[in-house]
Amino acid sequence: MNKGLKRFVKGDLTVRGIALFYIGLLIILPVIAITTEAFKGGIPNLWKQITLPQALFSLKFTFIIALIMLVINIITGTATAWVLVRYDFPLKKTINALIDIPFAIPTVVTGMMLIVLCGPRSLIGDFFGKHGIEIIYNKPGIILALIFVTFPFVVRSVQPVLIEMERDMEEAAQTLGASKFKIFFHIVLPTIFPSVLTGAALSFSRALGEFGSIVIVAGNIPMKTQVASVYIYGEIESANIQSGLGTAVVLLLSSFIVLIFLNFIQRWSNKYGK
Amino acid sequence: MSGIMVKNITKKFGDFVAVNNVSFDVREGELAALLGPSGSGKSTLLRVIAGLENPDMGQIFLTGKDVTPLRTQKRNVGFVFQHYALFKHMTVEKNIAFGLEIQKKDKKEIKQKVEELIDLVKLNGYNKHYPSQLSGGQRQRVALARALATEPKVLLLDEPFGSLDAKVRKNLAQWIRDLHSRVNVTSVFVTHDQNEAIEISDKIIVINRGKVEQIGNATDVYEHPKSKFVASFVGNVNVINANIKKNYIVITGTKEKIQFKEKTGINFQNIVLLIRPEDIIIKDNSTEDTVPCIINGIYYRGSFYEVDLKVGTNNVKSLVPKENFFKFEWQKGEKVYVRFRKFKIFEASEGHKKVHEMLKQLGYIE
Amino acid sequence: MENKTNCVEIVRKQKQTGKWILISVVLLWFFVLIIFPLIGIVMETFKNAISVITSSLSSTASTHAFWLTILITFVAVIINTIFGTIMAIVFAKQNFKGKLFLESLIDLPFAVSPIVAGFMFVILFGPGGWIGSWFYSMNIKIIYALPGMIIATLFVTLPFVAKEIIPVLREFGIEQDEAALILGASQWQIFWKVTLPSIRWGLAYGVTLTIARSIGEFGAVLVVSGSIINKTQTATLRIHDQFTDLNYAGAFSAALILALISFIILNLIQYAQKRKERI
């Protein structure tokens with residue numbers, strides 16, 4: 001190997017070393033630290049912490065709420081992407097730009113916006129309150145907050161695929177006599193499906209971990225409206241590190257599963273996509 | 001010696017030998033073509049000369065100096081990439097000036113040189129354009145100007161016309177030929193297109209599977225191919241299976257014989273005759289040196305006719321000038337006679353040294 | 001003949017109605033979800049007298065909180081821009097064992113709950129933690145202090161720059177680097193003159209996302225900071241604090257300011273995005 005290339009390789013190794021150090025320090029080490037800490041008391045003890053009534057409720061509650069959000073988000077997100085790509089209407093550009101707002105606004109501010117809009121003192125909150133439906137400090141408020149913070153995920157992953165999708169496939173189906181309904185379910189949906197799943201997985205993991213907006217709108221009543229992240233925070237605040245760790249490890253594990261799932265979708269769509 | 005000298009270069013990628021013990025030289029001021037099919041190792045060889053790849057064995061000499069241990073940056077070669085590799089975020093003049101700026105040349109000097117080059121490649125008025133605003137041919141010319149700016153000792157071009165459409169390609173090839181005679185820098189270009197190689201190069205180096213098959217000028221390579229590969233890769237060629245019996249070549253599937261010029265007295269099974277379409281002459285009547293055959297198809301090709309013939313079990317093509325064709329008015333299915341004006345004999349399978357030597361002595365192969 | 005054209009027209013009309021119904025539903029959803037809350041917060045803020053707003057904004061605690069947010073954002077952006085670029089170069093241009101795994105690991109901060117993230121750092125950098133104990137023995141406090149808050153912010157914003165640049169670098173390929181190499185440029189010159197200019201809009205996009213997230217981060221910073229007034233309280237923590245103390249005027253006016261900043265950043269993001277697509 002000649003001298004020039006050797007120097008090249010040396011530079012490469014230095015840069016790689018720096019990158020690996022950073023990832024190691026900020027991601028790998030903290031994950032290992034929290035996992036070891038959680039398993040320090042043994043698996044039975046960890047299991048006991050996870051299955052404490054309050055902890056278990058918060059986990060179940062979080063997953064159920066996130067699933068409800070997911071169904072709404074998949075439908076509305078795909079519809080929004082479809083409308084933004086396929087149709088022309090006034091204000092389209094502005095709306096397209098504003099889709100990202102939930103990513104830009106701090107979650108605490110999101111929570112407060114929802115309180116202004118749907119809180120007991122607001123018009124909407126008052127109207128529903130008269131009919132016995134509590135939005136803020138209850139489930140609808142939490143779901144609303146989650147839909148808001150995760151709204152862009154599905155839209156933004158489906159949009160580019162719809163833009164790139166060749167219209168001739170649909171036109172071919174049309175000439176073969178397929179109805180609009182059939183075309184959507186047999187041609188469009190299979191094409192955008194991986195991107196819908198990607199958006200869904202991203203919003204699901206975000207929803208499982210969301211804290212800022214929920215802590216403000218949820219009321220956080222244990223065994224009633226307390227989500228997992230709020231429960232963990234409460235345990236840390238009251239110095240019950242061990243019981244917080246159990247729930248935290250479950251959330252961390254779910255994040256990893258979502259990551260693996262995302263990788264899987266990506267590989268799968270690379271294989272069959274192009 | 002000056003120019004480029006490639007000595008015993010071998011380059012492997014894992015187990016794959018991309019370039020296998022290749023040697024050749026290009027004299028100063030020569031324009032040489034590295035011709036070969038895709039995957040033959042010609043681009044790798046060019047990258048080894050530039051220092052972008054490190055050879056596993058062998059040496060590279062540029063203007064008489066061994067540059068093998070030198071880094072790419074220090075070799076002072078000009079390189080034109082297949083897809084131009086222009087800096088997309090720089091204007092035409094910034095692209096051309098890049099190498100000079102790296103050399104920390106005087107600003108005035110750079111400006112003057114850039115103007116000269118823009119003039120040379122006829123891109124006047126395009127100074128402030130970005131690569132995305134140019135056509136393929138224009139980008140190619142910017143890439144060329146950029147490579148020439150640092151006044152390199154040698155100019156290397158990787159498939160320089162590969163991504164252009166046919167018409168632009170033809171014009172640009174001719175233009176590069178002219179430019180080369182003006183700038184006169186030792187140049188090597190890689191191509192898979194035999195016409196390009198024949199049209200513009202002083203010297204053609206035919207490469208196949210990492211090995212040099214033949215080195216020579218266009219006439220050498222076309223008229224006197226040294227191997228079956230060269231004969232079939234450079235230009236169109238008919239392959240006729242035959243055997244050698246005593247003083248005759250017997251075409252497979254017929255009893256027809258072609259007599260050798262001299263008496264050989266050898267026998268050999270399974271040889272092939274390679275004959276260019278223009279060397280198959282169709283005749284109406286039989287003579288001593290003709291072979292009977294059937295016309296299978298006649299196709300109008302503008303300035304000539306292409307005639308499909310069946311000789312024994314072999315299908316061959318002949319090119320007939322229009323005036324000859326009109327003289328005889330052949331029909332499909334007609335029985336005619338052909339004379340092979342010129343042909344080469346090779347073994348159908350390799351590894352028979354004996355017949356090779358004999359045929360060589362008789363002048364049928366080189 | 002006439003009948004036929006009528007039929008076609010009816011079909012076409014039905015098509016149009018379907019389209020407009022879908023558009024209206026989506027628009028309505030969008031307004032309820034995004035626009036109404038935005039308007040709500042503006043109205044709520046200005047319902048309180050301007051004087052209350054200005055006084056609550058100019059209180060030392062609020063000013064301190066905003067300055068702290070700016071400081072943390074500034075530091076996080078600089079560090080993550082440098083390391084993000086390095087990571088991107090390594091993942092886009094080098095090949096080594098375990099690369100795929102590490103590259104997907106970069107996404108973890110997006111997938112993990114900010115509370116869990118903060119918790120991880122409390123455990124690692126706290127007085128009893130592997131790294132924390134060493135720093136504490138040297139009398140350097142990380143958790144419940146500025147370094148911890150910066151580290152937490154670094155974690156949650158780690159993927160932005162790297163993830164934006166990796167695809168740009170991959171698409172960019174190696175040819176332009178090689179062209180520069182042949183023209184005599186060193187590795188360092190290639191980075192500054194060729195690589196950096198071609199990733200600049202991707203980088204700008206990643207940086208604006210990093211800024212937005214740093215300013216808005218709440219959960220992770222809350223856990224590692226302890227939210228001590230005038231000491232470790234950032235703007236978002238301050239808003240939350242005032243909100244739980246029922247100081248709505250203060251909370252809403254600070255929230256409005258952050259919302260405004262977000263809006264500006266959103267515009268920057270979209271500008272960078274457009275520029276990125278152009279090149």
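1. A good place to start is C:Thr208, which is buried, with a relative accessible area of 9% (buried means under 20% relative accessible area, exposed over 50%, partly exposed in between, with a 1.4 Å probe and protein chains only). This is a predicted model, in which local features need pLDDT of at least 70, side-chain atom pairs count only at pLDDT 80 or more, and totals for chains, interfaces and linings use all residues. Residues are numbered from 1 along each chain as its sequence is written, chains are lettered from A and ligands numbered from 1 in the order in which they are written, and side-chain values use heavy atoms, with hydrogens and water left out.

2. Where does C:Thr208 sit? Look for it in helix α10 (residues 187-216) of chain C (helices, H or I with at least four residues, and strands, E with at least two, are DSSP runs numbered from the N terminus). A polar atom of the C:Thr208 side chain lies 2.8 Å from the backbone oxygen of C:Ala204. Leaving out residues up to four places away in sequence, C:Thr208 touches C:Ile265, C:Leu268 and C:Ile269 (contact means heavy atoms within 4.5 Å).

3. Staying in chain C, have a look at helix α12 (residues 235-244), which is largely enclosed by the rest of the structure because eight of its 10 residues are buried. Among the buried residues of α12(C) are C:Leu237, C:Arg238, C:His240 and C:Phe243. After α12(C) comes C:Leu246, with a positive phi near 65°.

4. Now for the meeting of chain C and chain A. How much area do they bury between them? The value is about 7000 Å², with 84% of it on carbon and sulfur atoms (buried area is the accessible area, 1.4 Å probe, that two parts lose on being put together, summed over both). On the side of chain C that touches chain A, the largest share, 19 residues, comes from α1(C). In total, 73 residues from chain C and 76 residues from chain A take part in the contact.

5. The polar side of that interface is worth a moment too. The rule finds zero salt bridges across the interface of chain C and chain A (a salt bridge is a side-chain nitrogen of Lys or Arg within 4 Å of a carboxyl oxygen of Asp or Glu). It does find eight residue pairs in polar contact there, both at pLDDT 80 or more (a polar contact is a pair of N or O atoms within 3.5 Å; within protein, one must be able to donate a hydrogen and the other to accept it, and residues adjacent in sequence count only if both atoms are side-chain atoms).

6. Chain C also has a nonpolar patch on its surface, formed by C:Leu28, C:Val32, C:Phe36, C:Ile39 and C:Met43, with about 480 Å² of accessible area together. (Patches are made of residues with over 30% relative accessible area and no salt bridge; like charges are joined within 9 Å, and nonpolar side chains, Val, Leu, Ile, Met, Phe, Trp and Tyr, within 5 Å. Accessible areas come from the Shrake-Rupley method with a 1.4 Å probe, and for residues only the protein chains shown count as cover.) One of these residues, C:Val32, is in helix α1 (residues 2-47) of chain C and counts as partly exposed at 37% relative accessibility.

7. Over all chains, the count comes to 24 salt bridges. In chain B, B:Lys203 pairs with B:Glu30, their closest N and O atoms 3.7 Å apart. This pair links distant parts of the chain, 173 residues apart: B:Lys203 is in strand β9 (residues 203-208), and B:Glu30 is in the loop between β2 (16-26) and β3 (31-35). Both B:Lys203 and B:Glu30 are buried.

8. Another salt bridge joins B:Glu93 and B:Lys128, with the closest N and O atoms 2.6 Å apart. B:Glu93 lies in helix α3 (residues 92-102) of chain B and B:Lys128 in the loop between α4 (107-120) and α5 (136-149), so the pair ties together parts that are 35 residues apart in sequence. B:Lys128 counts as exposed, at 59% relative accessibility.

9. Finally, check two backbone angles in chain B. Most residues other than glycine have a negative phi. B:Thr63, not a glycine, has a positive phi of about 40°, and its place is in the loop between β4 (57-62) and β5 (65-66). B:Asn184 has a positive phi near 60° and lies in the loop between α6 (166-183) and β8 (186-191).
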